[in-house]
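This report looks at how strands pair within a sheet and how helices pack in one molecular model. The sequence and structure come first, followed by the description.

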Amino acid sequence: MNDMRILERDVDANEIKIAARGVQVWYGDNHAIKDVDVDIQDRTVTAFIGPSGCGKSTFLRCLNRMNDTIDVARVEGDIRIDGEDIYDARVDPVQLRAKVGMVFQKPNPFPKSIYDNVAYGPRIHGMASGKAELDGIVEQALKRAAIWEEVKDRLTAPGTGLSGGQQQRLCIARAVATEPEVLLMDEPCSALDPIATAQVEELIDELRRNYSVVIVTHSMQQAARVSQKTAFFHLGNLVEYGETGHIFTNPEDPRTESYITGRIG
Ligand SMILES: Nc1ncnc2c1ncn2[C@@H]1O[C@H](COP(=O)(O)OP(=O)(O)OP(=O)(O)O)[C@@H](O)[C@H]1O
């Protein structure tokens, strides 16, 4: 009975932010993503896990059309965000990437001031009508990324002068400044020490209140700590997807079990 209630809740269309169907990606002849179907929920952290080269980052990049920037990549299938086909010819990828923000493995602040790093997106999308409004957006984004207190007295200093953990939080501030609805994070903590990692993980939990967050991680501890849903990829297939607690304690597929117990990967 309980199981039925859970199933009913899982198919509640209102909660689904991203619906992917029959997604395939090729890099030349390399078939990197094979017929993936997945529903990603709103206001949820979804972790993508799996052995190196299984296609986690490739699939993540399908969700904001970042694979469009790779010449040899070819994407097929249907991906809808709030019911809208993001591969429709009328969709402007730049607008899409404001709605579906991305944070990369290596912090990559622009060679600009802290302020200008965060103001960049709001400026190109015409989100502020004047300096005071832009100041407010920048402050709000830095606060959301839990770095405001550390940088508020040196907003004109270069972003590249911050520590690695601060740079990554600055990049998160830059991503949230355009008020995305989805935040994609590709191993956002891999260049960070344990303290900065803990800060970013806390932040991810906070961001879940407003956004759908999808995180690629090699750390199963991190997936277990930050996510509510987990997707396990293997050789380009989405092998198993479900509640994080369930995937880690009671996986249904032997490949998932082998991976989480350290036998493959
Ligand atoms: N830019 C690219 N050009 C060509 N092939 C690529 C490119 N990016 C990824 N691939 C190939 O696609 C497959 C999936 O790679 P992907 O980076 O998505 O895996 P991953 O699971 O994220 O790996 P990792 O955990 O090592 O980052 C691999 O065979 C990889 O070599």
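## Sheet and helix packing

In this predicted model, Thr-46 stands opposite Val-214 in E8. The strands concerned are E3, spanning residues 45–49, and E8, spanning residues 212–216, which pair in the parallel sense over four bridges. Strands of a sheet pair through backbone hydrogen bonds, in either a parallel or an antiparallel manner.

E3 and E8 belong to an open sheet of six strands, whose order is E6-E7-E8-E3-E9-E10 and whose pairing is mixed. The edges are taken by strand E6 (100–103) and strand E10 (237–243), each of which has a single partner strand, so one side of each is left without a neighbour in the sheet. From one strand to the next, the twist averages 15°.

Helix H7 links this sheet to the description of the helices, since H7 lies across E6 and strand E7 (182–186) and runs at about 170° to E6. Two packed helices are described by the angle between their axes and the distance between the axes, and the table gives both values for two pairs that involve H7.

| Helix pair | Axes come within | Crossing angle |
|---|---|---|
| H5 (residues 131–144) and H7 (residues 164–177) | 8 Å | roughly 125° |
| H7 and H8 (residues 194–207) | 9 Å | roughly 20° |

For H5 and H7, the axes come within 8 Å and cross at roughly 125°, which makes H5 oblique to H7, because an angle counts as oblique when it is neither under 35 degrees, nor over 145, nor from 65 to 115. The crossing of H5 and H7 is right-handed. H5 contributes Ile-137, Val-138, Ala-141, Leu-142 and Arg-144 to the contact, while H7 contributes Ala-173, Val-176 and Ala-177. By class, the residues of this contact of H5 with H7 divide into seven nonpolar, no polar and one charged.

For H7 and H8, the axes cross at roughly 20°, and H7 is therefore roughly parallel to H8, as angles under 35 degrees are counted in that way. The crossing of H7 and H8 is right-handed. Here Gly-164, Gly-165, Gln-168, Arg-169 and Ile-172 in H7 meet Ala-196, Gln-199, Val-200 and Leu-203 in H8. The residues of the contact of H7 with H8 divide into four nonpolar, four polar and one charged.

Technical notes
Residues numbered from 1 in each chain as written. Predicted model: local features only at pLDDT ≥ 70, side-chain atom pairs only at ≥ 80, totals over all residues. Axes fitted to C-alpha atoms, helices over the stretch in contact; angles between N-to-C directions. Left-handed = near helix turned anticlockwise from the far one by under 90°. Contact = placed C-beta atoms within 7 Å. Nonpolar A, V, L, I, M, F, W, Y, C, P; charged D, E, K, R; others polar. Pairing = 2+ DSSP bridges.
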